[in-house]
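Here are my notes on the model, set out as numbered points. Please read them with the structure open.

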Amino acid sequence: MTPDDPLLKILVCPLDKGPLSLLVPGDALYNPRLRRRYPIVDGIPQLLPSSGEPLTDTEHLRALRRLADRKPGS
C-alpha cells in the first residue's frame, strides 16, 4: 500500500469509524485518536477490532513523527 492509494480514502478504523493514516513504508494503518495500529499483511489491511495493537506513549510519538515527516511542507 502506498500513501497515494485511493483505498486509504475509504478505509476507517473499525472502532471509532474515523480515518486511518498509513505508516510508511506501508507496514500499518494508524489511528492516532485511539493510539491503535492495524497491520497490513501481504498488502491486505487487517481491520478487525481485535487486530488493532495499542501503542505505548513512546510508540505513539514515534508514529506521529513518521506521519509528520512525510507531509509536504514539513
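**Notes on the predicted model**

1. Val41 is partly exposed, at 43% relative accessibility. Cut-offs for that term: buried means under 20% relative accessible area, exposed over 50%, and partly exposed in between, with a 1.4 Å probe and protein chains only. Val41 sits in strand β3. Its C-alpha lies 22 Å from that of Thr56, and the two are 15 residues apart in sequence.

2. On provenance: this is a predicted model, in which local features need pLDDT of at least 70, side-chain atom pairs count only at pLDDT 80 or more, and totals for chains, interfaces and linings use all residues. Residues are numbered from 1 along each chain as its sequence is written, and side-chain values use heavy atoms, with hydrogens and water left out.

3. Confidence comes next. pLDDT is the predictor's confidence in each residue, from 0 to 100. The protein has a mean of 91, and 95% of its residues reach 70 or more. Among the elements, β2 has the highest mean pLDDT, 97, and α1 the lowest, 91. Where pLDDT is low, the predicted coordinates should not be read in detail.

4. The protein has five strands and one helix. The order from the N terminus is β-β-β-β-β-α. Both kinds of element are DSSP runs, numbered from the N terminus: helices are H or I with at least four residues, strands are E with at least two.

5. Overall dimensions: the C-alpha trace spans about 35 × 30 × 20 Å along its principal axes. The radius of gyration is 12 Å, which agrees with the value near 11 Å for a compact globule of 74 residues. That radius is taken over C-alpha atoms, and the globule rule is 2.2 Å times the number of residues to the power 0.38.

6. Surface and burial: about 4800 Å² is exposed, and carbon and sulfur atoms supply 57% of it. These areas come from the Shrake-Rupley method with a 1.4 Å probe; for residues, only the protein chains shown count as cover. Of the 74 residues, 32% are buried.

7. Which residues make up the largest nonpolar core? There are eight: Leu8, Leu11, Cys13, Leu20, Leu22, Leu29, Tyr38 and Ile40. Another core, of six residues, lies apart from it and includes Ala28, Leu55, Ala63 and Leu67. A nonpolar core here is a set of buried Ala, Val, Leu, Ile, Met, Phe, Trp, Tyr and Cys residues joined through side-chain atoms within 4.5 Å.

8. Contacts use heavy atoms within 4.5 Å. Not counting residues up to four places away in sequence, Cys13 touches Gly18, Leu20, Asn31, Arg33, Leu34 and Tyr38. Of the protein's contacts with a separation of 6 or more, 29% come from residues 24 or more positions apart.

9. How many salt bridges does the model have? The count is four, with a salt bridge defined as a side-chain nitrogen of Lys or Arg within 4 Å of a carboxyl oxygen of Asp or Glu. One of them joins Asp16 and Arg33, at 2.9 Å from N to O. Asp16 is in the segment before β1 (21-23) and Arg33 in the loop between β2 (28-31) and β3 (36-41), 17 residues apart. Asp16 is partly exposed at 32%, and Arg33 is partly exposed at 44%.

10. Arg66 and Asp27 form another salt bridge, at 3.3 Å from N to O. Arg66 belongs to helix α1 (residues 57-70) and Asp27 to the loop between β1 and β2, so the pair ties together parts 39 residues apart in sequence. Arg66 is partly exposed at 30% relative accessibility, as is Asp27 at 39%.

11. Glu53 and Arg37 also meet in a salt bridge, at 2.9 Å from N to O. Here strand β5 (residues 53-54) supplies Glu53 and strand β3 supplies Arg37, 16 residues apart. Glu53 is partly exposed at 32%, and Arg37 is partly exposed at 24%.

12. Two buried polar side chains deserve a look. His60, in helix α1, is buried at 7% relative accessible area. Leaving aside neighbours within four places in sequence, His60 contacts Tyr30, Pro32, Arg35 and Leu55. Ser51, in the loop between β4 (44-45) and β5, is buried at 19%. With neighbours within four places again left aside, Ser51 contacts Arg37, Tyr38, Pro39 and Gln46.
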